[in-house]
Amino acid sequence: MAKVRIGVIGTGTIANVHATGLKSYPGGEIVAIYDVLGDRARAYAEKWDVPFVAGSLDELVKRDDVDAVIVCTPPFAHMEPTIKALEAGKHVLCEKPFALDPAEAERMVR
């Protein structure tokens, strides 16, 4: 079985929970990460042995070695990375709450 290559967007507490789960799951691996706080992204990459730290959200979602993303940003910042990843043809797992208002949720689903 080919591994699903994951990009993580946002490297706070919940991103560490996902990394813990993926470390013990043979079907997926984190291959790239992005966080608006570059130092935190680099520390996460070092801790979880992630080979690539993107300098921007666009750089992460455009990578050919990223099949899917996990959006781990705070809820107010879910929409932009979700939409950009979907537009780039990536599968998306977005942390809850999915959106803060119905209009935002509708845009993300569309």
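Here are some short questions and answers on a predicted model, covering its sheet and its pockets.

Reader: How do you know that β3 and β4 pair?

Author: Two strands pair if DSSP finds at least two bridges between them. Four bridges join β3 (residues 68–71) to β4. So the two strands count as a pair. They run parallel. Val69 stands opposite Val92 in β4.

Reader: What makes β2 and β4 (91–94) the edges of the sheet?

Author: The order is β2-β1-β3-β4, in an open sheet of four strands. β2 and β4 each have a single partner strand, so one side of each is left without a neighbour in the sheet. From one strand to the next, the twist averages 25 degrees.

Reader: How do you know that α4 packs on the sheet?

Author: Contact means heavy atoms within 4.5 Å. α4 touches β1 (4–9), β3 and β4. Its direction makes about 165 degrees with that of β4.

Reader: Which residues lie nearest the centre of the largest pocket?

Author: Ile9, Val36, Thr73, Ala77 and Pro81 do, out of 15 lining residues. Helix α4 (residues 79–87) gives the largest share of the lining, three residues. The space in this pocket is about 270 Å³.

Reader: How do the lining residues of the largest pocket divide?

Author: There are 10 nonpolar, two polar and three charged.

Reader: Why is Gly28 in the lining of the second largest pocket called polar?

Author: Gly28 is among the lining residues. Gly counts as polar by definition. The lining divides into seven nonpolar, one polar and four charged. About 180 Å³ of space lies in this pocket. α1 (13–23) and β2 (28–34) are the elements that give two or more residues to its lining.

Terms used
Residues are numbered from 1 along each chain as its sequence is written. This is a predicted model: local features need pLDDT of at least 70, side-chain atom pairs count only at pLDDT 80 or more; totals for chains, interfaces and linings use all residues. Side-chain values use heavy atoms; hydrogens and water are left out. On a 1 Å grid over the protein atoms alone, a cavity is a set of points where a 1.4 Å probe fits but cannot get out, and a pocket is an open set with protein on both sides within 12 Å along at least five of seven lines; lining residues have an atom within 4 Å of a point. Grid points are joined across faces, edges and corners, and a volume is the space filled by probe spheres set on the points. Axes are lines fitted to C-alpha atoms, for helices over the stretch in contact, and angles run from 0 to 180 degrees between N-to-C directions.
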